[in-house]
Amino acid sequence: TCMAADKARVVEALVQAAVEHKETVSFGGLAHIVGCFAALRAGDVGRVRAHIVGLRTTGIDSPIYHAATAQNEATLAMLEGRLDEVPDLIDAVAAAAPGEPMYAAGVASQRAWLARLLDRQDEAINRSRELASLLPYPRLIAATEGLFALSVDDLDGARRFLDAAWADGLA
């Protein structure tokens, strides 16, 4: 639909801005954080791994870099189906940067997606509600819940969540 195409263009513009920003960063840590994001979006697993190694070897002893490394490792493990490794990696993110809002939201999001990947639908939706308490993006949360419901063929639930996501139109 037209709304979906508009949303896709906005998302791609934001991703492109992140990729362009990556090229202007002169020190290693931030370039690797942004580089991981860009490589994940491009589906370039080799580059994701290279940026994770780069984060580990920056020599910067910072909770943010430790959290970013573990968070990207958890994402890569989910993509590669190494789901048994993911809970410890998510816990490492939470331990590295407790109370840091961006990583708290990332932890909640990864826990929701892990539950989804493990076919634990009710837990996935409950975890997405945990995420909702951390982020002021009710449309994103409702749309995510709709995707979770759709993935287990709960069409009524998917409609309910997606209707809530777009109740007042496209912002």
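This is a short walk through one predicted model, from its overall fold to a few local details.

Let's start with the whole chain. The protein chain has nine helices and zero strands. Read from the N terminus, the order of elements is α-α-α-α-α-α-α-α-α. The chain has 171 residues, and 37% of them count as buried. Its accessible surface comes to about 9600 Å², with 60% of that belonging to carbon and sulfur atoms. Now contacts. Take those between residues at least 6 apart in sequence: 47% of them join residues at least 24 apart.

Next, one helix pair. Look at helix H7, residues 121–132, and helix H8, residues 138–151. How do H7 and H8 pack, and at what angle? The angle is about 175°, and the axes are 10 Å apart. An angle over 145 degrees counts as roughly antiparallel, so H7 and H8 are roughly antiparallel to each other. Who makes the contact? From H7 come Gln121, Ala124, Ile125, Ser128, Arg129, Leu131 and Ala132. From H8 come Ile141, Glu145, Phe148, Ala149 and Ser151. By class, that contact of H7 with H8 has seven nonpolar, three polar and two charged residues.

Now step back to the loop between H6 and H7. Helix H6 covers 101–117, and Leu118 lies in the loop between H6 and H7. Leu118 is partly exposed, at a relative accessible area of 33%. Its C-alpha sits 8.0 Å from the C-alpha of Leu83, and the two residues are 35 apart in sequence.

Asp119 is in that loop too, between H6 and H7. Its backbone deserves a look. Most residues other than glycine have a negative phi. Asp119 is not a glycine, yet it has a positive phi of about 60°. Is Asp119 buried or exposed? Asp119 counts as exposed, at 59% relative accessibility.

Asp119 also has a charged partner. Its side chain meets that of Arg116 in a salt bridge, 3.1 Å from N to O. The two ends differ in setting: Asp119 is exposed, whereas Arg116 is buried, with a relative accessible area of 17%.

There is a second residue with a positive phi to show. Asp153 has a phi near 60°, and it is a residue other than glycine. Asp153 lies in the loop between H8 and H9. At 65% relative accessibility, Asp153 counts as exposed.

That takes us to salt bridges in general. Side chains of opposite charge can pair when their charged atoms come close. How many salt bridges does a search of the whole structure find? It finds twelve. You have met one of them, Asp119 with Arg116. Here are two others.

Arg47 and Asp44 meet through their side chains, at 3.6 Å from N to O. Arg47 counts as partly exposed, at 31% relative accessibility. Asp44 counts as partly exposed as well, at 29%.

Then there is helix H9, residues 155–165. The side chains of Asp156 and Arg159 form a salt bridge, at 3.6 Å from N to O. Where do they sit in the helix? Asp156 and Arg159 are three residues apart in H9, so about one helical turn separates them. Asp156 counts as exposed, at 58% relative accessibility. Elsewhere, salt bridges that share partners join Arg49, Glu80, Arg82 and Glu85 into one network.

To close: nine helices and zero strands, H7 and H8 roughly antiparallel, and twelve salt bridges.

Conventions: Residues numbered from 1 in each chain as written. Predicted model: local features only at pLDDT ≥ 70, side-chain atom pairs only at ≥ 80, totals over all residues. Heavy atoms only, no water. Salt bridge = Lys/Arg side-chain N within 4 Å of Asp/Glu carboxyl O. Buried < 20%, exposed > 50% of the residue type's maximum accessible area, 1.4 Å probe, protein only. Helix = DSSP H or I, 4+ residues; strand = E, 2+ residues; numbered from the N terminus. Contact = heavy atoms within 4.5 Å. Areas by Shrake-Rupley, 256 points an atom, 1.4 Å probe, with all protein chains shown as cover. Axes fitted to C-alpha atoms, helices over the stretch in contact; angles between N-to-C directions. Parallel < 35°, antiparallel > 145°, perpendicular 65-115°, else oblique. Nonpolar A, V, L, I, M, F, W, Y, C, P; charged D, E, K, R; others polar.
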